[in-house]
Amino acid sequence: ISSKILNKQQEEEEIELNIANATLVEDNFDTRIHKMMQNPVIAEIVQNDNEQKSKITNISKKRQRKKIAVGLSLLLFLIIIAIVLSIHLTNQSSSKGDDNNNTEMTI
């Protein structure tokens with residue numbers, strides 16, 4: 001039983017050490033990034049990269065807006081065609097009814 005307790009304590013200590021090491025590595029990484037950003041060349045590269053990403057995002061947003069505009073225009077065009085056709089068919093069917101009435105009266 002005591003060996004199990006010791007093993008468990010050792011495992012917990014190893015876990016704590018791993019967590020501490022991971023924290024140190026993360027802090028070291030953050031420090032290195034901060035130091036790298038102090039370098040004007042790297043800072044400029046990062047800034048240019050961010051500007052490029054911003055330009056790409058703006059371009060993709062514009063393209064998306066154009067696609068939406070074209071889609072809505074096409075939808076509006078189809079709706080107008082449907083309205084015109086329905087009006088035309090309604091007029092045509094009512095004029096056929098008039099023709100039938102006229103032929104009956106003629107006969």
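**Two helices and their charges**

Let's start with Glu 11, which sits in helix 1, residues 2–38. Keep in mind that this is a predicted model.

Is Glu 11 buried or exposed? Partly exposed, in fact, because its relative accessible area is 44%, and the cut-offs are under 20% for buried and over 50% for exposed. Glu 11 has company. It belongs to a patch of negative charge on the surface. The other members are Glu 12, Glu 13, Glu 14 and Glu 16.

Now step back to the whole chain. It has two helices and zero strands. How much of the chain is buried? Of its 107 residues, 0% count as buried. The exposed area comes to about 10,000 Å². Carbon and sulfur atoms supply 61% of that area.

On to helix 2, residues 40–106. I'll take it in three stops.

Stop one, the salt bridge. How many does the structure hold? One. The partners are Asp 49 and Lys 53, joined through their side chains. The distance is 3.4 Å, N to O. That fits the cut-off, because a salt bridge needs the nitrogen within 4 Å of a carboxyl oxygen. In general, side chains of opposite charge can pair when their charged atoms come close. Where do these two partners sit? Both are in helix 2, four residues apart, and that spacing is about one turn of the helix. Asp 49 is partly exposed, because its relative accessible area is 37%.

Stop two, positive charge. Which residues form the positive surface patch? Lys 61, Lys 62, Arg 63, Arg 65, Lys 66 and Lys 67. Take Arg 63 as the example. It is found in helix 2. Arg 63 counts as exposed, because its relative accessibility is 57% and the line is drawn at over 50%.

Stop three, a nonpolar patch on the surface. Its area is about 560 Å². Ile 68, Leu 72 and Leu 75 are among its members. Ile 79, Ile 83 and Ile 87 belong to it too. Leu 72 lies in helix 2. Is Leu 72 buried or exposed? Exposed, because its relative accessibility is 53%, and exposed starts at over 50%.

To recap. The negative patch is made of glutamates, with Glu 11 among them, and Glu 11 is in helix 1. The salt bridge pair, Asp 49 and Lys 53, is in helix 2. Arg 63, from the positive patch, is in helix 2. Leu 72, from the nonpolar patch, is in helix 2 as well.

Methods
Residues numbered from 1 in each chain as written. Predicted model: local features only at pLDDT ≥ 70, side-chain atom pairs only at ≥ 80, totals over all residues. Heavy atoms only, no water. Buried < 20%, exposed > 50% of the residue type's maximum accessible area, 1.4 Å probe, protein only. Areas by Shrake-Rupley, 256 points an atom, 1.4 Å probe, with all protein chains shown as cover. Patch = residues over 30% accessible without salt bridge, like charges linked within 9 Å, V, L, I, M, F, W, Y side chains within 5 Å. Lys, Arg positive; Asp, Glu negative; His and termini not counted. Charge placed at Lys NZ, Arg CZ, Asp CG, Glu CD.
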